[in-house]
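Thanks for making time this morning; I would like to talk through the charged side-chain pairs in this protein, and I will put the sequence and the structure up before I begin.

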Amino acid sequence: MLDLSFDGRQRILLVRFSGVFSSEDLASLDAAALPFVAREIPAGAILDFSAVDAVAVPPSVLSRRGQWPQLVPGQKRVIVAKQPKAFYRAREYARQQREAGSAEPLVVHTLEEAYQLFDLREPNFEPVPDA
């Protein structure tokens with residue numbers, strides 16, 4: 001499952017995944033986030049996998065995805081992953097992004113760590129319409 005929200009004051013996009021993270025979730029992310037990002041051009045993004053119970057995306061799919069150019073060049077991105085398999089896959093994705101010439105996303109264990117990296121004070125994330 002996918003949930004998009006945005007803090008308009010601090011211009012941070014928050015993408016939350018839950019349950020089983022699948023290839024369909026990647027397609028849903030593209031369909032929901034791409035039009036929003038093109039309109040708003042957020043200053044940064046947090047991809048939160050804290051509520052993910054299992055990762056069902058084949059490593060080859062994530063590897064190909066890691067080769068894609070960053071959507072907003074230079075944008076700071078933080079990936080939150082608690083589950084060991086999700087954390088490992090996030091680190092691999094970050095490495096592939098760096099090797100492909102994009103800014104490497106930071107990978108942390110908690111949403112609080114992600115907020116600290118953005119120096120978010122009193123975040124006010126509101127649902128993204130039509131996401």
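Which side chain does Arg 11 meet in a salt bridge? Keeping in mind that this is a predicted model, the partner is Glu 40, with a nitrogen-to-oxygen distance of 3.6 Å. Arg 11 sits in the loop between strand 1 (2-7) and strand 2 (12-21), whereas Glu 40 belongs to helix 1 (residues 23-40), so this salt bridge ties together parts that are 29 residues apart in sequence. As for their surroundings, Arg 11 is partly exposed at 28% relative accessibility, and Glu 40 is likewise partly exposed, at 30%.

Let me move to another pair, in which the side chains of Asp 48 and Arg 16 meet in a salt bridge at 3.5 Å, N to O. Asp 48 lies in strand 3 (residues 44-55) and Arg 16 in strand 2, so here the parts tied together are 32 residues apart in sequence. Is Asp 48 buried or exposed? Asp 48 is buried, since its relative accessible area of 6% falls under the 20% cut-off, while Arg 16, at 34%, is partly exposed.

A further salt bridge joins Asp 119 to Arg 121, whose closest N and O atoms are 3.1 Å apart; Asp 119 is partly exposed at 44% relative accessibility, and Arg 121 counts as exposed at 55%. There is also a network, in which Glu 92, Arg 95 and Glu 99 are joined by salt bridges that share partners. Taken overall, the count comes to seven salt bridges.

Note on methods:
Residues are numbered from 1 along each chain as its sequence is written. This is a predicted model: local features need pLDDT of at least 70, side-chain atom pairs count only at pLDDT 80 or more; totals for chains, interfaces and linings use all residues. Side-chain values use heavy atoms; hydrogens and water are left out. A salt bridge is a side-chain nitrogen of Lys or Arg within 4 Å of a carboxyl oxygen of Asp or Glu. Helices (H or I, at least four residues) and strands (E, at least two) are DSSP runs, numbered from the N terminus. Buried means under 20% relative accessible area, exposed over 50%, partly exposed in between (1.4 Å probe, protein chains only).
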